[in-house]
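Trainee: I would like to take a close look at one part of a protein with you. Could you walk me through it step by step?

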Amino acid sequence: MQAAPDLNPPARLLMGPGPINADPRVLRAMATPLVGQFDPSMTALMGETMALYREVFRTANRWTLLVDATARGGIEAALVSMIEPGDRVLVPIFGRFGHLLSEIARRCEGDVVEIETEWGRVFDPGQVEDAVRKHRPKVIAICQGDTSTTMCQPLAEIGAIARRYDALVYVDTTASLGGNELRTDDWQLDVVSAGLQKCLAGPSGSSPITIGPRAEKAIVRRRHVESGIATPADRRGPGARIRSNYFDLAMIMDYWSEKRLNHHTEATTMLYGARECARILVDEGMDAAIGRHRVAGEAMAEGLEAMGLRLFGERAHKMANVAGVFIPDNVAGESVRASLLADFGIEIGTSFGPLAGKIWRIGTMGYNARKDCVLTTLAALESVLLVHGAKIAAGQAVPAALAVFRAAEDAKARAAQ
Ligand SMILES: Cc1ncc(COP(=O)(O)O)c(C=O)c1O
């Protein structure tokens, strides 16, 4: 008698706000045999992974490594290591994930000040500067792409603002890295973390992070190496002990350093996957990958509008890799999603908080930022909407999206001549 049936999930095309279908190259890498955590081949792979993610984050930061956790774990590691109890933290909120940063910062016992803008909009750098001038935070914690609203916060000026007032900047790029421009060093961002399951084309479960020299200084001040592995040479920093052992970036940095001071046991299979995600992006070229996301996102948006649907939020600040689209009047949103899943094997996303029941979120990211995925999704959505009696323009969406892809292909061919 079998204890349970074979593992055989249904075939799905994941076109929601993430997770998406992992690139088969990543899944193959994750089937690679294991080696010991201090095997020279493993430590060499850790070094390669650091170098690859420096390219992805566009940084020269030495401390560019993986936190073994989903993206939320990377956020916690950053914030619990940066925020000492009582530190003032400014959180500009433009969606659900800004609230998450605020919630985590409060659990770190930060003195949190929130500024909030309407969902569907982003902050003008001047608004952030006014708040920084008024509240003088030690840390500014902000999202780049907030998938809950599909908005992408411009960040180019935030780092310079932080430096003028001697604050550190933390950025959550879970949903945006690899599909929207991010320049860690040029934009003077101190700590940036991400996840694999969106534009990086992997499964969730590893959080790449980069830590700049100013943040390193603040974190190393709080170094308290665990008893049992500390040697007399491991001096304690003068700062307050980091309130989490697992997410203590000072100890995680020691583990990824030449010292290889043991912390957790590196999640080898996730490291193989994360390394492959970065290798795919770096092989393609970061600009090319961002361009691919831009074209797929535009094609999806044009197709949705050609069908007569209305997009949510400021178009100028839309994330390249996800579109929010209003559910048409008199259409049961959940019934449409259920039919897409059951009849076409396609998943699109629902929404949270004030947008629940009002918009769907449709992603075009990572391995699925492709022409066939966009066209299949538009064709299926159109059919399901017609069956649901929605008043839409039939036959328009696929040609509109195709026109965007054709224009991009022509431009690429001209540039190559
Ligand atoms: C912007 C953003 N931050 C954080 C997270 C949390 O990531 P995870 O579910 O991998 O912990 C998500 C997940 O969707 C996200 O979109």
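Trainee: Let us take strand β5: how many bridges join strand β3 to β5, and do the two run parallel or antiparallel?

Mentor: Happy to! Keep in mind that this is a predicted model. Strand β3, residues 88-93, is joined to β5 by 2 bridges, and the two strands run parallel. You can find one facing pair by looking for L90, which stands opposite I140 in β5.

Now look at the other neighbour. Strand β8, residues 168-172, pairs with β5 over 5 bridges, again in the parallel sense. Here I142 of β5 stands opposite V171 in β8. As a general point, strands of a sheet pair through backbone hydrogen bonds, either parallel or antiparallel.

Next, follow β5 itself, which covers residues 139-143. Is this strand mostly covered or exposed? It is mostly covered, with 5 of its 5 residues buried. To call a residue buried, we ask for 20 or more other C-beta atoms within 10 Å of its own. In a regular strand the side chains alternate between the two faces of the sheet. You can see this in β5: V139, A141 and C143 point one way, I140 and I142 point the other way, and all are buried.

Let us step back to the sheet. Its 7 strands follow the order β2-β10-β9-β8-β5-β3-β4, forming an open sheet with mixed pairing. The edges are held by β2 (63-67) and β4 (111-116); each has a single partner strand, so one side of each is left without a neighbour in the sheet. On average, neighbouring strands of this sheet are turned by 20 degrees against each other, direction ignored. Helix α2, residues 40-57, packs on the sheet and touches β2, β9 (191-193) and β10 (207-211). The direction of α2 makes about 105 degrees with that of β2.

There is also a ligand to find. Of the 13 residues around the ligand, T70, A71, R72, T147 and T174 come nearest. The shell around the ligand divides into 4 nonpolar, 6 polar and 3 charged residues.

Finally, place all this in the whole protein, which has 13 helices and 13 strands. Its radius of gyration is 22 Å, close to the 22 Å that the globule rule gives for 417 residues, so the protein is as compact as a globular protein of that length. Buried residues, like those of β5, make up 51% of the 417 residues. Among contacts between residues at least 6 apart in sequence, 73% join residues at least 24 apart.

Notes: Residues numbered from 1 in each chain as written. Predicted model: local features only at pLDDT ≥ 70, side-chain atom pairs only at ≥ 80, totals over all residues. Helix = DSSP H or I, 4+ residues; strand = E, 2+ residues; numbered from the N terminus. Rg over C-alpha atoms; globule rule 2.2 N^0.38 Å. Buried ≥ 20, exposed ≤ 12 C-beta atoms within 10 Å, placed from the backbone. Contact = placed C-beta atoms within 7 Å. Pairing = 2+ DSSP bridges. Near = placed C-beta within 6 Å. Nonpolar A, V, L, I, M, F, W, Y, C, P; charged D, E, K, R; others polar. Axes fitted to C-alpha atoms, helices over the stretch in contact; angles between N-to-C directions.
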